[in-house]
Protein chains: 2
Amino acid sequence: MPRATAEPRRASDQVFSGLLEALLSGRYAPGEKLPTQRTLAAEAGVTMGTLREALQRLEQMGLIEVRHGDAMRVRDWRRHGGLDVIAHLALSSGGFEPGVLGDVFEARGLMLGELAALAARRRSPEQAARLRELAAAVSHAADERAAQRLDYAFFTELAEAAANLVFVLIMNSIRSLYFQHAERLPVTAAHEELAPLYVEAARAVEQRRPAAARRAVALLANRQREQVEAVAR
Amino acid sequence: MPRATAEPRRASDQVFSGLLEALLSGRYAPGEKLPTQRTLAAEAGVTMGTLREALQRLEQMGLIEVRHGDAMRVRDWRRHGGLDVIAHLALSSGGFEPGVLGDVFEARGLMLGELAALAARRRSPEQAARLRELAAAVSHAADERAAQRLDYAFFTELAEAAANLVFVLIMNSIRSLYFQHAERLPVTAAHEELAPLYVEAARAVEQRRPAAARRAVALLANRQREQVEAVAR
DNA sequence: AAGTTCGATTGTTCAGAACAATGCTAGGGT
DNA sequence: ACCCTAGCATTGTTCTGAACAATCGAACTT
């Protein structure tokens, strides 16, 4: 019997998820003092070492502040939280959070547009060729899963062609979000219909026309956004 | 005798920094097997528990892959790294990496532009007022440090007005980068000269003119970028 | 009243051991 | 000869208990 939602096996992961949930849902308010590590460990039924591993990750995300001889404090994730918070924020307790998901796809669309414009100026001949091939492959993708992989490959190549590390890393974060739940995020539902848009974007990049590239990609991203929003409800 | 560069005191932090450096510099190549936790701990002169805390953070960043009974593997940070990697990437071994820093400010400028456009459509009356006040305050800031704080507050408010969580979080990451080394990143060197641009941007947002807001902020960001690039050399 | 000392609280690291998952290899069956 | 299965070695994971170190606040001293 396969498990529906693949949950983390490590004890450390479970503690992490629990605390994360508590922090993001506001059950621990910003500025508030967190219970002792010893207390938290006892409550979670784990050792202090195990709890500690979870705390390190939370601190890394900017969600808690921990100073040696003092109590741990809850930080405001809106002010100090890193981008990886968005993944856990979009999935609060089972279903998707429609608002957050909307933000993700809005930001994604805007950034992909800028990415396309940069790529149109900087792409190498090889990158242009690969983009063309990937765009062409979308139209005859076997199933939706294959289309999804092509979509991912296309935008990864685009980010690479744009030659800006920041956008590359941001795209990594967003990708990890919709790869963890690919089955519920049909960005490539009607890929036969969307295929021409990939082709158009690839051509604009190849012809070094930033404005056209931005427009084509923005349009494509908007279509995907509509599809996702239609489902996540 | 005060220490020039405030280094982390926790043993766990030092181990983390060391491994991070090794991973980002390519001293451990992607796909390669990492030494055993026991080995790494022995080499670093710490306990396995301490080493483990560092590993958790690296895994959280997407830099390593660790599976229970198997050896740990190095992941390609270009493909799986999160946005927080950029901070450590921009500071490889002492000085700033000019290329990376350029990418950061390019991306920052583009995103702030989009942010301004969104804010012009969605800002509340209160947000418009606060932006106006912050912009006005820039012109008579006491010193550069004060100007820097106002700059930070201004763009935070802008991100808030844009009402998109993704951009808020991205700005958090970028801010933490240039707050850790504020003294070396003079984004507000000639703040008397830049002040009018803040005012113009605030006005465009208040008057709900997205295009004008984007233009003003993009111009402002570009000026800051030039100032930083002039210094980081 | 102000400064100092000291103890309680809390995070940090250590040491060694047992447990659990994975990959590999030798042995047995077809 | 080939497959596959059991067992072993390797490696990550968690536990137990303890000692160490930084911070805060209260009691004490001046």
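**Exercise 1. Describe the fold of chain A.**

Task: State how many helices and strands chain A contains, and in which order they follow one another.

Solution. Step 1: In this predicted model, the secondary structure of chain A consists of eleven helices and two strands. Step 2: Along the sequence the order is α-α-α-β-β-α-α-α-α-α-α-α-α. Step 3: The C-alpha trace of chain A extends over about 60 × 40 × 30 Å along its principal axes. Step 4: Of the 233 residues in chain A, 44% are buried. Step 5: Consider the contacts in chain A with a separation of 6 or more; 66% of them join residues 24 or more positions apart.

**Exercise 2. Compare the helices α6 and α11 of chain A with their expected spans.**

Task: Determine what end-to-end distance α6(A) has, and what distance α11 of chain A has; then examine the burial of each helix.

Solution. Step 1: With 25 residues, α6(A) reaches 36 Å from its first C-alpha to its last, close to the 36 Å expected at 1.5 Å a residue. Step 2: Helix α11 of chain A, residues 210–231, has 22 residues and should span 32 Å at 1.5 Å a residue; its end C-alpha atoms are 32 Å apart, so the two values agree. Step 3: In α6(A), 18 of the 25 residues are buried, and the helix is mostly covered. Step 4: The buried residues in α11(A) include Ala213(A), Ala216(A), Val217(A), Leu220(A) and Val228(A). Arg214(A) and Gln224(A) are also among the buried residues of α11(A). Step 5: An α-helix has 3.6 residues a turn, so residues three or four places apart point the same way.

**Exercise 3. Relate chain A to chain B.**

Task: Identify the operation that superposes chain A on chain B, and describe the contact between the two chains.

Solution. Step 1: Chain A is superposed on chain B by a rotation of 180 degrees with 0.0 Å of shift along its axis, at an RMSD of 0.0 Å. Step 2: This is therefore the relation of a two-fold axis. Step 3: Both copies use the same surface, since 100% of the contact residues of chain A recur in chain B. Step 4: The contact takes 33 residues from chain A and 33 residues from chain B. Step 5: On the side of chain A that touches chain B, at least two residues each come from α3 (48–60), α4 (77–80), α5 (85–89), α6 (98–122) and α9 (165–180) of chain A. Step 6: α9(A) provides the largest share of that side, eight residues. Step 7: By class, that side has 14 nonpolar, ten polar and nine charged residues.

**Exercise 4. Locate the largest nonpolar core.**

Task: State how many residues the largest nonpolar core has, and which have the most contacts inside it.

Solution. Step 1: The largest nonpolar core has 144 residues. Step 2: Those with the most contacts inside it are Ala116(A), Ala201(A), Val205(A), Ala116(B), Ala201(B) and Val205(B). Step 3: Take Ala201(B) as an example; not counting residues up to four places away in sequence, Ala201(B) touches Ala116(B), Ala135(B), Ala213(B), Ala216(B), Val217(B) and Leu220(B). Step 4: In soluble globular proteins, nonpolar side chains tend to be buried together.

**Exercise 5. Examine the surfaces near the DNA strands.**

Task: Determine which residues come nearest to DNA strand D and which to DNA strand C, and which elements supply each surface.

Solution. Step 1: There are 23 residues around DNA strand D, and Arg10(A), Ala11(A), Thr47(A), Thr50(A) and Gly69(A) come nearest. Step 2: Two or more residues of this surface come from each of α1 (11–24) and α3 of chain A and α2 (37–44) and α3 (48–60) of chain B. Step 3: The surface near DNA strand D has seven nonpolar, eleven polar and five charged residues. Step 4: Around DNA strand C there are 22 residues, of which Arg10(B), Ala11(B), Val46(B), Thr50(B) and Gly69(B) come nearest. Step 5: Here α2 (37–44) and α3 of chain A and α1 (11–24) and α3 of chain B each supply at least two residues. Step 6: α3(A) gives the most to the surface near DNA strand C, three residues. Step 7: That surface has six nonpolar, eleven polar and five charged residues.

**Exercise 6. Classify Ser17(A) and Gly82(A).**

Task: Decide whether Ser17(A) is buried, exposed or partly exposed, and do likewise for Gly82(A).

Solution. Step 1: Ser17(A) lies in helix α1 of chain A. Step 2: Ser17(A) has 14 other C-beta atoms within 10 Å and is therefore partly exposed. Step 3: Gly82(A) lies in the loop between α4 and α5 of chain A. Step 4: Gly82(A) is buried, because 23 other C-beta atoms lie within 10 Å. Step 5: Leaving aside neighbours within four places in sequence, the contacts of Gly82(A) include Met61(A) and Gly62(A), as well as Leu83(B) and Asp84(B).

How values were computed: Residues are numbered from 1 along each chain as its sequence is written. Chains are lettered from A and ligands numbered from 1 in the order in which they are written. This is a predicted model: local features need pLDDT of at least 70, side-chain atom pairs count only at pLDDT 80 or more; totals for chains, interfaces and linings use all residues. Helices (H or I, at least four residues) and strands (E, at least two) are DSSP runs, numbered from the N terminus. A residue is buried if 20 or more other C-beta atoms lie within 10 Å of its own, exposed if 12 or fewer, and partly exposed in between; C-beta atoms are placed from the backbone. Two residues are in contact if their C-beta atoms, placed from the backbone, lie within 7 Å. Copies are superposed by least squares on the C-alpha atoms of residues with pLDDT of at least 70 in both. Ala, Val, Leu, Ile, Met, Phe, Trp, Tyr, Cys and Pro count as nonpolar, Asp, Glu, Lys and Arg as charged, and the others, Gly among them, as polar. A nonpolar core is a set of buried Ala, Val, Leu, Ile, Met, Phe, Trp, Tyr and Cys residues joined through C-beta atoms within 7 Å. A residue is near a molecule or strand if its C-beta atom, placed from the backbone, lies within 6 Å of it. The expected span of a helix is 1.5 Å times one less than its number of residues.
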